[in-house]
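Work through these exercises with the model open beside you. Try each task before you read its solution.

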Amino acid sequence: MNQMFQPSALASDGSRLVDPFGRHVSYLRVSVTDRCDFRCVYCMAEDMTFLPKRDLLSIEELQRLCDAFIDKGVRKLRLTGGEPLVRKGIMTLVESLGRHLRSGALEELTLTTNGSQLAKYAAELAAHGVRRINVSVDTLDDKKFKAITRWGDLSKVKEGIRAAKAAGLSIKINAVALKGVNDAEIPEMIRWAHGEGMDLTLIETMPLGDIDGDRTDQYLPLSVVRASLMDRFTLEDIAYKTGGPARYVTVKETGGRLGFITPMTHNFCESCNRVRLTCTGTLYMCLGQEDAADLRAPLRASEGNELLNAAIDEAIGRKPKGHDFIIDRRHNKPAVGRHMSVTGG
Ligand code: SAM
Ligand code: SF4
């Protein structure tokens with residue numbers, strides 16, 4: 001075991017957030033809504049039940065929570081969902097977080113989106129200081145795109161990508177590798193993304209939440225994808241990091257970057273620097289564990305941040321060592337009951 005990864009009595013020191021394993025928490029992901037205008041087959045069931053609106057934090061409350069984390073040393077913040085760009089008032093939050101970019105308190109503000117609303121918002125995102133975004137595209141085939149997302153329209157997403165490029169945003173495409181669905185298309189997706197000057201990251205499906213189908217049918221280990229890509233491409237490992245769990249290679253033939261997020265085949269918890277906040281003010285210290293802390297009650301209990309800060313410190317003090325995801329025929333149950341749309345990607 002890595003020495004840095006030994007549990008210790010060290011929790012948050014009050015100003016910075018340090019977990020019991022000595023990991024400095026500097027990255028906050030905020031799921032601003034659990035709602036979405038798509039219904040991706042690996043993410044949610046078609047008749048998904050969403051949270052009642054009254055349970056959601058207001059935009060002002062989300063702002064206050066983000067401010068508290070930034071005060072405690074969070075340097076990178078990603079807005080996600082559900083689909084973050086369908087949340088009413090989202091640009092008010094983006095604008096307010098932009099302040100922290102200008103002051104230097106925050107290094108980076110990013111967003112993970114399905115791209116459906118990007119044509120409308122790309123210019124505004126850039127104006128408020130967003131420089132990089134992730135757009136999820138699992139296939140370049142219109143019919144397959146409809147089949148995967150159920151409600152999505154690929155031409156709208158492509159229009160959004162064009163608008164984002166025109167606004168000067170760097171784009172990383174995220175694609176979930178799905179057995180028998182998009183595996184044969186991955187070389188084409190690499191050429192497309194790299195040809196457009198975008199990085200591409202492949203993601204293994206994770207067992208989060210009940211979906212309509214069987215996950216064992218979808219799961220495709222990226223070790224298998226990588227081996228088959230090596231028949232066509234020269235992949236060169238590089239040390240490039242974006243603060244996330246992806247490991248990158250350069251594809252020699254295209255000159256572009258390809259990332260692999262492998263929660264199933266390679267556990268990356270050792271260097272985890274992040275926590276996840278939901279739109280109801282629940283803080284998940286690990287994507288793959290049920291343990292969570294309620295920050296809504298201390299947030300609402302007083303106008304000052306003392307109770308909130310104490311609750312954040314206490315939560316970071318219980319950040320677990322890692323997840324225990326397994327997908328096989330015997331473990332055909334979600335590792336955790338909540339969907340990816342609750343905590344975001
Ligand atoms: N709606 C936005 C989007 O799709 O980009 C943001 C939220 S979505 C939950 C974030 C990312 O998680 C997407 O790239 C999506 O493909 C991925 N995702 C959703 N469910 C997943 C699962 N069970 N396993 C792996 N990735 C998943
Ligand atoms: Fe919506 Fe993103 Fe989930 Fe697809 S992956 S259903 S776009 S939240």
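**Exercise 1. Helix α10**

Task: Find which elements cover the buried residues of α10.

Solution. This is a predicted model. Start with the helix itself, residues 306–316. Its buried residues are L308, A311, I312, D313, A315 and I316. Now look at what lies against them. The cover includes two helices, α1 (59–71) and α9 (296–301). It also includes the strands β10 (274–277), β11 (282–284) and β12 (292–294). To read the pattern of buried positions, recall the helix geometry. An α-helix has 3.6 residues a turn, so residues three or four places apart point the same way.

**Exercise 2. Helix α6**

Task: Work out how many residues of α6 are buried, and what covers them.

Solution. Step one: locate α6 at residues 186–195. Step two: apply the cut-off, under 20% relative accessible area for a buried residue. Seven of the ten residues in α6 pass, so the helix is mostly covered. Step three: name them. They are I186, P187, M189, I190, W192, A193 and H194. Step four: find the cover. It includes the helices α5 and α8 (222–229). The strands β5, β6 (199–203), β8 (247–251) and β9 (257–261) are also among the covering elements. Finally, look past the end of the helix. G197 follows α6 and has a positive phi, near 75 degrees.

**Exercise 3. The backbone at R150**

Task: State where R150 lies, and whether R150 is buried or exposed.

Solution. Place the residue first. R150 sits in the loop between α4 (142–149) and α5 (154–166). Next, check the surface. R150 has a relative accessibility of 18%, so this residue counts as buried. Then check the backbone. Phi of R150 is positive, near 60 degrees, and R150 is not a glycine. Compare that with the usual case. Most residues other than glycine have a negative phi.

**Exercise 4. Around ligand 1**

Task: Describe the shell around ligand 1, starting with the residues that come nearest.

Solution. Begin with the count: 19 residues surround ligand 1. Y42, G82, T113, S136 and M206 come nearest. Now take the polar contacts one by one.

- Y42 places a polar side-chain atom 2.9 Å from an oxygen atom of the ligand.
- G82 uses its backbone: an N or O atom there lies 3.0 Å from a nitrogen atom of ligand 1.
- T113 also has a polar backbone atom in play, 3.2 Å from an oxygen atom of ligand 1.

How much of the ligand is covered? On its own, ligand 1 has 550 Å² of accessible area, and the protein covers 96% of that. The elements giving two or more residues to this shell are β3 (108–113) and β5 (170–176). Last, sort the shell by type: six residues are nonpolar, ten polar and three charged.

**Exercise 5. Around ligand 2**

Task: List the residues that surround ligand 2, then sort them by type.

Solution. The list reads C36, F38, R39, C40, C43, M44, G82 and N114. By type, five are nonpolar, two polar and one charged. Pick out C40 from the list. At 14% relative accessibility, C40 is buried. Now check for disulfides. A disulfide is a covalent bond between the sulfur atoms of two cysteines. The structure holds zero of them. For another cysteine, try C66: its relative accessible area is 0%, so C66 is buried.

**Exercise 6. Two buried residues**

Task: Find what T110 and S26 touch beyond their neighbours in sequence.

Solution. Take T110 in strand β3. At 1% relative accessibility, T110 is buried. Leaving aside neighbours within four places in sequence, T110 contacts L77, R78, L79 and R132. Then measure to V130 in the model. V130 is 20 residues from T110 in sequence, yet their C-alpha atoms are 5.9 Å apart.

Now turn to S26, in the segment before β1 (27–31). Its relative accessibility is 16%, so S26 is buried too. Not counting residues up to four places away, S26 touches G73, V74, R75, K76 and N273.

**Exercise 7. The whole protein**

Task: Sum up the protein as a whole: how many helices and strands does it have?

Solution. Count eleven helices and twelve strands. The protein has 345 residues, and 57% of them are buried. Its accessible surface is about 14,700 Å², with 50% belonging to carbon and sulfur atoms. Now take contacts between residues at least 6 apart in sequence. Of these, 72% join residues at least 24 apart.

How values were computed:
Residues are numbered from 1 along each chain as its sequence is written. Chains are lettered from A and ligands numbered from 1 in the order in which they are written. This is a predicted model: local features need pLDDT of at least 70, side-chain atom pairs count only at pLDDT 80 or more; totals for chains, interfaces and linings use all residues. Side-chain values use heavy atoms; hydrogens and water are left out. A disulfide is a pair of cysteine sulfur atoms within 2.5 Å. Buried means under 20% relative accessible area, exposed over 50%, partly exposed in between (1.4 Å probe, protein chains only). A residue is near a molecule or strand if one of its heavy atoms lies within 4 Å of it. A polar contact is a pair of N or O atoms within 3.5 Å; within protein, one must be able to donate a hydrogen and the other to accept it, and residues adjacent in sequence count only if both atoms are side-chain atoms. Accessible areas come from the Shrake-Rupley method with a 1.4 Å probe; for residues, only the protein chains shown count as cover. Helices (H or I, at least four residues) and strands (E, at least two) are DSSP runs, numbered from the N terminus. Ala, Val, Leu, Ile, Met, Phe, Trp, Tyr, Cys and Pro count as nonpolar, Asp, Glu, Lys and Arg as charged, and the others, Gly among them, as polar. Contact means heavy atoms within 4.5 Å.
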